[in-house]
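Got your viewer open? Let's take a short walk through this one, stop by stop.

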Amino acid sequence: MILVVDDDPMVTTSLALLLKQAGYRSAAAASPAEALQRLDHGDWQLVLQDMHFSRWASGEEGLELLAEIKGRQPQVPVVLMASWDSDDLAAQGLRAGAADFVIKPWTNEQILRVVKGALGPA
């Protein structure tokens with residue numbers, strides 16, 4: 001099961017549809033708090049996580065959520081997503097344990113390639 005964490009319902013809906021069409025099951029969380037609650041009550045194979053959850057989009061909230069996820073479920077790969085290209089933010093996320101970093105908007109092929117890569121061989 002893949003957990004999609006994003007405060008934009010259009011993002012979570014489009015990713016859920018894409019993942020379903022590709023044969024994956026997913027669930028959505030709209031906030032870091034909801035993501036952590038779901039994380040504690042599910043069998044997750046992957047987390048697709050946005051980096052920004054407020055107007056002050058520095059990425060700190062996303063890095064804090066990544067740290068919480070890796071602290072609770074270190075074996076679960078986390079792919080970070082952001083609305084703009086930031087080499088610094090991507091590097092910080094990868095150093096903190098993220099499996100990959102994707103810039104929005106993405107292509108369906110790109111997301112599926114990243115998901116397959118993060119999940120590893122079947």
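Start at Gly-120, just after helix H5, and check its phi: the angle is positive, near 75 degrees. Before going on, note that this is a predicted model, where local features need pLDDT of at least 70, side-chain atom pairs count only at pLDDT 80 or more, and totals for chains, interfaces and linings use all residues. Residues are numbered from 1 along each chain as its sequence is written, and side-chain values use heavy atoms, with hydrogens and water left out.

Now step back and select H5 itself, residues 108–119. (Helices, H or I, have at least four residues and strands, E, at least two; both are DSSP runs numbered from the N terminus.) Its end C-alpha atoms sit 16 Å apart, which agrees with the 16 Å that twelve residues should span at 1.5 Å a residue (the expected span is 1.5 Å times one less than the number of residues).

Which residues of H5 are buried? Pick Ile-111, Leu-112, Val-114, Val-115 and Ala-118 (buried means under 20% relative accessible area, exposed over 50%, partly exposed in between, with a 1.4 Å probe and protein chains only). They cover an arc of only 160 degrees around the axis, so they lie on the same side of H5 (the arc is that of the directions from the helix axis to the C-beta atoms). Spin to the face turned away from that side, and you meet exposed Glu-109, Arg-113, Lys-116 and Gly-117.

Next, show what covers the buried residues of H5: strand E1 (2–5) and helix H1 (9–21) are among the elements there (contact means heavy atoms within 4.5 Å).
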